[in-house]
Amino acid sequence: MSIEGKAKEAAGYVKEELNEHGKSPESQKKAQEGRDLRNEGRIEDGKAPKGSQPGTGN
């Protein structure tokens, strides 16, 4: 497990959580960017990416 992968996953999680409940397209876009960053970190650490949509709580 890499430090960089863990940092990306953590930063993506925070970005997703901050924006997932917004109704505007911009909030949803930021939540998806957070999910993408989180998955990039998970892949670097050899974990499976999260597959659910932002805002579903999974």
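## Talking through α1 and its salt bridges

Colleague: How far does helix α1 reach from its first C-alpha to its last?

Modeller: Helix α1 runs over residues 3-19, so that's 17 residues, with helices taken as DSSP runs (H or I, at least four residues; strands are E, at least two) numbered from the N terminus. The expected span is 1.5 Å times one less than the number of residues, which comes to 24 Å for α1. The reach in the model is close to that, at 25 Å.

Colleague: Before we go on, what kind of model is this?

Modeller: Residues are numbered from 1 along each chain as its sequence is written, and side-chain values use heavy atoms, with hydrogens and water left out. Local features need pLDDT of at least 70, side-chain atom pairs count only at pLDDT 80 or more, and totals for chains, interfaces and linings use all residues, since this is a predicted model.

Colleague: What share of the protein chain's residues is buried?

Modeller: Buried means under 20% relative accessible area, exposed over 50%, and partly exposed in between (1.4 Å probe, protein chains only). The protein chain has two helices and zero strands. Out of its 58 residues, the buried share is 29%.

Colleague: Within what arc do the buried residues of α1 fall?

Modeller: The buried ones in α1 are Gly5, Lys8, Glu9, Gly12, Glu16 and Asn19. Look down the axis, taking directions from the axis to the C-beta atoms: these residues line one face of the helix, because they fall within an arc of 110°.

Colleague: Which helix helps cover those buried residues?

Modeller: Turn α1 around and the face away from its buried side carries the exposed residues Ile3 and Leu18. On the buried side, the cover includes residues 25-44, which form α2.

Colleague: How big is the nonpolar surface patch that Leu18 helps make?

Modeller: Leu18 sits in helix α1 and is exposed, with a relative accessible area of 69%. Patches take residues with over 30% relative accessible area and no salt bridge, joining nonpolar side chains (Val, Leu, Ile, Met, Phe, Trp, Tyr) within 5 Å and like charges within 9 Å. Areas come from the Shrake-Rupley method with a 1.4 Å probe. Tyr13, Val14 and Leu18 together make a patch of about 320 Å².

Colleague: How many salt bridges does the structure hold?

Modeller: Side chains of opposite charge can pair when their charged atoms come close. Here a salt bridge is a side-chain nitrogen of Lys or Arg within 4 Å of a carboxyl oxygen of Asp or Glu. Glu4, Lys8, Glu40 and Glu44 are linked in a network of them, and the structure's count is eight.

Colleague: How many residues apart are Lys47 and its partner?

Modeller: Lys47 forms a salt bridge with Glu9, with the closest N and O atoms 3.5 Å apart. Lys47 is in the segment after α2 and Glu9 is in helix α1, so to speak distant parts of the chain, and the separation is 38 residues.

Colleague: Which residue of α2 has its closest N and O atoms 2.5 Å apart in a salt bridge with Glu16?

Modeller: Glu16 is buried, at 2% relative accessibility. One of its salt bridges is to Arg38, with the closest atoms 3.2 Å apart; because Glu16 lies in α1 and Arg38 in α2, that pair ties together parts 22 residues apart in sequence. The 2.5 Å salt bridge is made with Arg35.

Technical notes:
Contact means heavy atoms within 4.5 Å.
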